[in-house]
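Colleague: I'm new to this one. Could you pick a single part and walk me through it slowly, explaining the terms as you go?

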Amino acid sequence: MTRRKTTREIASALVPSPRTMQRHTTNLYAKINLRNRAEAAAFALKGRSMLKIVRSPAVNRVLFGLVVAAGLLTASLAILSATSLYGYGADGAVRHKLASALNNQESLPQSKAELGRALFFDRRLSGDASTSCSTCHVPELAWTDGEALSKGYSRNTLYFRNTPTVINAAKMPLFDWDGRFAAGDFNTLIRDHIAEAHFMNLDGRLLVERMKQIPEYDAAFGELFGSEVSYGKVLGSLAAFLETLNSQDHPYLEYAAGNDSALSSKALSGLALFEGNAGCSQCHGGELLSDGELYALGVPDNQDIFQEPLRHITFRRFFRGFGVSEYVTMRSDPGLYALTLRETDRGKFRTPSLLEVAHTAPYMHNGELASLEDVVRFYNDGGGANPNKDSRIRPLGLSGDEISDLVAFLESLGSRDMPTVDEPAPPPYQPRTLGAN
Ligand code: HEC
Ligand code: HEC
């Protein structure tokens, strides 16, 4: 009944196929384009006067000349660097040059990740230096904050969604509960976290100037990237660090890899239900136990959002920014609807990975379900009320024993030892030497 996954399936599912990633990116851009049509129109208006100049024949000739010159220069540079990499000498010399080039490439990401780790814990990445990534993604709390709803910037601006773990996050095809960033946009997601008023509220130029005033960072960026610190390099380093955060030493993954005794008999019965009668793996499939799609389940709304003024302020500002005209009267998180403004997307959220779900209570986009048993009972009752509810969310008729088996299986989804890292001591600011740029 239970089909064991092969190692190859595990490996291939951990990395979404380029096709899935491309589909998600295209979808997302289509949605964003839809939303930003008005903005684009305004931009085009501004650009029109520029176009008039560019269209004049004299300007065109000069531009053409410049493009040809730039092309020739790039081509000759490419030939020069290719010949120096492969060399013209004896075979041995060529191999040596290639090998050292490859080695450098391999060691580079590792060090970027170390720089990213230091940045992840550094509160100076937020406007008032109160909030680091690790303030909300706390390593000891399975890289979540353990709260139903995030406390937001400075831990007092109050956000309206639950903080997901960042373990395995880099492998997801879509990010955030409403899937607003696609895999190809990982750096944009990180930039959003640093810049957004409700997360870290830091201006990008201020960030770069802060980094330059910390000699250790200044030197590290110089050494790793061969040039000085930039916003993009900060994002790249953080992304490289997140890519190192994966589930490890994990009962379910060990079972999937062939160790029969890794799961208890109750958990095994739960797995059979998960993949069989309870229908969970229809959406929580693949090795991340997520299909990366968005569905409405009818999770009840968390009323704190509408009763706590600061949280409601964040909620209103967020949806106003997305052009949701009814943001004032809205009393439900619309999820994907904010991105597409299509009524059929209201209340849809991304299927989360379940690989660390044993450690990441409370659950769902708004932390409304406190325990894994609450989650299983919610599904067993056929989910909640939503006009767009997926047809697979229907009463399951599970017995008490079956509910506890399914819970036992979900409890096996989590690393035995949480991947944690030593928190680096942040290097202090120091005045820059006069004359240094
Ligand atoms: C104030 C709390 C807070 C801070 C600070 C914060 N995050 Fe988050 N993070 C969240 C919340 C809440 C979400 C979910 C947002 C949503 O879905 O609307 C999230 C989502 C994410 C995700 C997506 C995970 C997934 O499965 O989709 C990643 C990756 C992430 N954060 C990384 C970071 C990094 C890197 C930093 C530091 C630059 C950071 N976060 C700082 C609260 C925070
Ligand atoms: C139609 C697709 C679908 C099916 C079927 C489904 N889920 Fe889900 N699951 C989701 C989505 C989407 C969410 C997030 C919903 C939200 O936050 O509003 C979710 C959330 C969860 C969560 C919370 C994870 C977290 O980090 O907060 C758990 C646990 C879970 N599902 C377990 C199950 C189990 C057990 C079953 C079978 C009884 C199941 N799911 C069936 C799509 C599905």
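Modeller: Let's start in the middle and work outwards. The largest nonpolar core holds 87 residues, and those with the most contacts inside it are Leu 119, Val 234, Leu 238, Phe 274, Leu 406, Leu 410 and Leu 413. A nonpolar core here is a set of buried Ala, Val, Leu, Ile, Met, Phe, Trp, Tyr and Cys residues joined through C-beta atoms within 7 Å. Buried is a matter of counting: 20 or more other C-beta atoms within 10 Å of the residue's own, while 12 or fewer makes it exposed, anything in between is partly exposed, and the C-beta atoms are placed from the backbone. Helix α10 (residues 231-242) gives the most to this core, with six residues. At least three residues come from each of domain 2 (107-242) and domain 3 (248-411), with bounds taken from an automatic or database domain assignment.

A word on what you're looking at: this is a predicted model, where local features need pLDDT of at least 70, side-chain atom pairs count only at pLDDT 80 or more, and totals for chains, interfaces and linings use all residues. Residues are numbered from 1 along each chain as its sequence is written, while chains are lettered from A and ligands numbered from 1 in the order in which they are written.

Now zoom in on Leu 406, one of those core residues. Leaving out residues up to four places away in sequence, Leu 406 touches Gly 270, Leu 273, Phe 274, Ala 278 and Val 376. Touching, or being in contact, means that two C-beta atoms, placed from the backbone, lie within 7 Å.

Several of those names lead to helix α12 (residues 265-275), where Ala 267, Gly 270, Leu 271, Leu 273 and Phe 274 are buried. They sit on the same side of α12, because they cover an arc of only 160 degrees around the axis; the arc is that of the directions from the helix axis to the C-beta atoms. Part of what covers these buried residues is α17. As for the labels, helices (H or I, at least four residues) and strands (E, at least two) are DSSP runs, numbered from the N terminus.

Val 376 takes us to α16, whose buried residues are Leu 372, Val 375, Val 376, Phe 378 and Tyr 379. These cover an arc of only 155 degrees around the axis, so they lie on the same side of α16. They, too, pack against α17. Just after α16, Gly 382 takes a positive phi of about 85 degrees.

And then there's ligand 2. It is surrounded by 27 residues, the closest being Cys 280, Cys 283, Tyr 363, His 365 and Tyr 379; to belong, a residue's C-beta atom, placed from the backbone, has to lie within 6 Å of the molecule. The elements giving two or more residues to this shell are α16 (372-380) and α17 (400-411). The largest share, three residues, comes from α16. Sorted by class, the shell has 19 nonpolar, six polar and two charged residues. For that sorting, Ala, Val, Leu, Ile, Met, Phe, Trp, Tyr, Cys and Pro are nonpolar, Asp, Glu, Lys and Arg are charged, and the others, Gly among them, are polar.

So Tyr 379 turns up twice: among the buried residues of α16 and among the closest to ligand 2.
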